[in-house]
Amino acid sequence: MSAAWDLETGFLVVGAGACGLMAAFAAARRGVEVVVLEKSRRGGCNTELASGSVPAAGTRFQKAAGIEGSPEVMAEDILRKNGGRASREIVLELCRRSRDIIDVLVDEVGLPMELNTDAGRAGFSFLRLHNPPGRTGGPLIQALHDALARQPSATVADETPGAGLVTDEAGAVVGALAGDGGGQRIGAKKVLLACDGFGANRDMLRTWVPEAAEMEYIGTSNNTGEGVRWGMELGAAVDHMTAYQGHGYICAGYGTRLAPEIPQLGGIFVNLQGERFTRDDQGYSEFAREIMGQPGRVAVGIFDQRIHDVVAHTNHFKDTIAAGALRRADGIEALAAAFRIDPARLRATLADYNAGVAAGKDRFGRKALVQPLAPPFYGAKVLGALAHTQGGLRVDVQARVLRPDGSVIPNLYAGGGTAAGISGDGCDGYMSGNGLLSALGLGLIAGERAAAEILGRG
């Protein structure tokens with residue numbers, strides 16, 4: 001490598017989210033020297049803000065619970081939800097590696113995990129979400145940081161953003177610029193772009209995802225799209241740039257959220273006119289867009305004590321209670337008054353819904369018809385928000401970045417929000433867990449592949 005480098009390493013990872021940390025750990029545990037650049041750990045990553053739900057098939061936790069479901073069935077669920085608008089090869093590979101992800105996190109990283117058996121999600125044919133304690137992503141990221149700190153060949157440079165890629169005359173990536181203004185030159189045999197998407201970049205949103213550009217953004221401010229832009233500057237192809245994960249359960253004015261189990265357990269949503277307006281148990285990503293079309297761009301989630309008690313132990317729901325976003329009422333009329341909804345109309349809406357549950361047929365076609373809602377009732381006003389973008393650099397099944405003609409940009413990998421996701425286009429194709437499946441899966445694959453090539457075993 002050039003003598004002009006300020007630092008040289010084997011594997012350079014740009015971004016310390018789920019993808020970057022998993023990749024760094026996978027390479028470092030094989031003895032490869034790894035450097036991870038992080039823009040700002042204080043700013044956090046999207047995994048820390050989410051539920052930390054990792055979908056998988058064939059795990060020890062599913063077997064213990066008597067849950068059957070293969071990687072192939074899981075892949076078909078994902079492809080059905082996104083309308084086939086994703087690489088079948090990549091989706092299938094990620095599903096086949098999903099059990100490995102859980103095994104690495106539990107056995108090598110040391111992260112306690114459990115299978116969520118409270119409720120499924122829209123499009124699931126079997127239960128598959130595995131979560132850290134409290135069902136938040138913070139413990140997952142902390143565990144990966146701790147595991148990486150135990151690897152003598154790994155270094156994490158916080159407050160050191162990536163600033164661009166360095167290539168040789170043949171167009172191969174040989175390193176990256178780092179630090180404010182790109183004052184540091186770091187040489188590397190392999191580089192992974194894992195600096196997430198562009199949810200915090202309004203200009204990029206207006207270009208690629210205009211329908212989400214004016215939504216409230218609930219992701220980290222670190223996600224400004226540099227990795228996608230750097231790849232494009234080198235001639236990389238991009239895919240599914242209109243894709244995003246919406247979130248329709250964000251408590252308006254509080255920033256907390258309702259548990260996604262609530263509609264699956266029988267909760268409903270009404271607009272400020274007291275009327276249901278769509279199928280409540282659809283995916284929470286596309287539900288965000290539905291709320292944007294309602295008066296005031298808000299809705300009210302309504303559920304009962306039975307549902308409340310199921311989700312009360314989750315950290316996000318505890319935050320909602322602590323923030324004061326939740327209202328409780330002994331009758332539906334009192335709940336209507338709390339949200340300034342006409343009580344007669346809301347009472348009629350609830351009666352119509354309960355009658356549909358009893359008859360086993362809902363007027364909006366919802367599938368989660370568990371049991372009628374009964375007092376006392378709980379409610380929270382919610383809005384539609386943007387969680388993160390799902391489009392990015394085109395990669396192959398080995399996480400290598402590709403040009404439009406299918407050729408590989410040498411030495412460059414991408415994952416997490418920087419790579420094209422598996423949710424197709426728009427917000428409808430997102431399925432719970434798609435983000436972390438792609439981030440952790442591509443991270444594991446990239447780390448293994450980079451290490452093998454660096455060690456001469458590829």
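Glu159 is partly exposed, with a relative accessible area of 40%; buried denotes under 20% relative accessible area, exposed over 50%, and partly exposed the range in between (1.4 Å probe, protein chains only). The model is predicted, so that local features need pLDDT of at least 70 and side-chain atom pairs count only at pLDDT 80 or more, while totals for chains, interfaces and linings use all residues. Residues are numbered from 1 along each chain as its sequence is written, and side-chain values use heavy atoms, with hydrogens and water left out.

Glu159 lies in the loop between β6 (154-157) and β7 (162-167). Its phi is near 55 degrees, a positive value in a residue other than glycine. Asp196 also has a positive phi, near 65 degrees, and is likewise not a glycine. Asp196 occupies the loop between β9 (184-193) and α7 (202-208), and it is buried, with a relative accessible area of 18%. Most residues other than glycine have a negative phi, and most peptide bonds are trans. Against the second of these rules stands the bond joining Pro375 and Pro376, which is cis with omega of about 5 degrees. Pro376 belongs to the loop between α14 (343-359) and β16 (377-389).

These loops belong to a chain with 15 helices and 19 strands; helices (H or I, at least four residues) and strands (E, at least two) are DSSP runs, numbered from the N terminus. With 458 residues, a compact globule would have a radius of gyration near 23 Å, and the 22 Å of the chain agrees with that. The radius is taken over C-alpha atoms, and the globule rule is 2.2 Å times the number of residues to the power 0.38. Along its principal axes, the C-alpha trace spans about 75 × 45 × 40 Å.

Of the 458 residues, 60% are buried. Among contacts (heavy atoms within 4.5 Å) between residues at least 6 apart in sequence, 74% join residues at least 24 apart. The chain exposes about 16,800 Å², of which carbon and sulfur atoms supply 48%; these areas come from the Shrake-Rupley method with a 1.4 Å probe, and for residues only the protein chains shown count as cover. There are 46 positive and 51 negative side chains, and the centres of the two sets lie 3 Å apart. Lys and Arg count as positive and Asp and Glu as negative, without His and the chain ends; each charge is placed at NZ of Lys, CZ of Arg, CG of Asp or CD of Glu.

Three helices illustrate the burial of individual residues. In α1 (residues 18-28), 11 of the 11 residues are buried, among them Cys19, Leu21, Met22 and Phe25. In α12 (residues 315-323), the buried residues include His316, Phe317 and Thr320. Seen down the axis of α12, its buried residues fall within an arc of 100 degrees, so they line one face of the helix; the arc is that of the directions from the helix axis to the C-beta atoms. An α-helix has 3.6 residues a turn, so residues three or four places apart point the same way. The buried residues of α12 pack against α2 (46-49), β12 (244-251), α9 (261-264), β14 (298-304) and α11 (305-311). Just after α12, Gly324 takes a positive phi of about 85 degrees.

The third helix is α15 (residues 434-454), which contains Ser438. At 5% relative accessibility, Ser438 counts as buried. Leaving aside residues up to four places away in sequence, Ser438 touches Leu94, Gly421 and Gly443.
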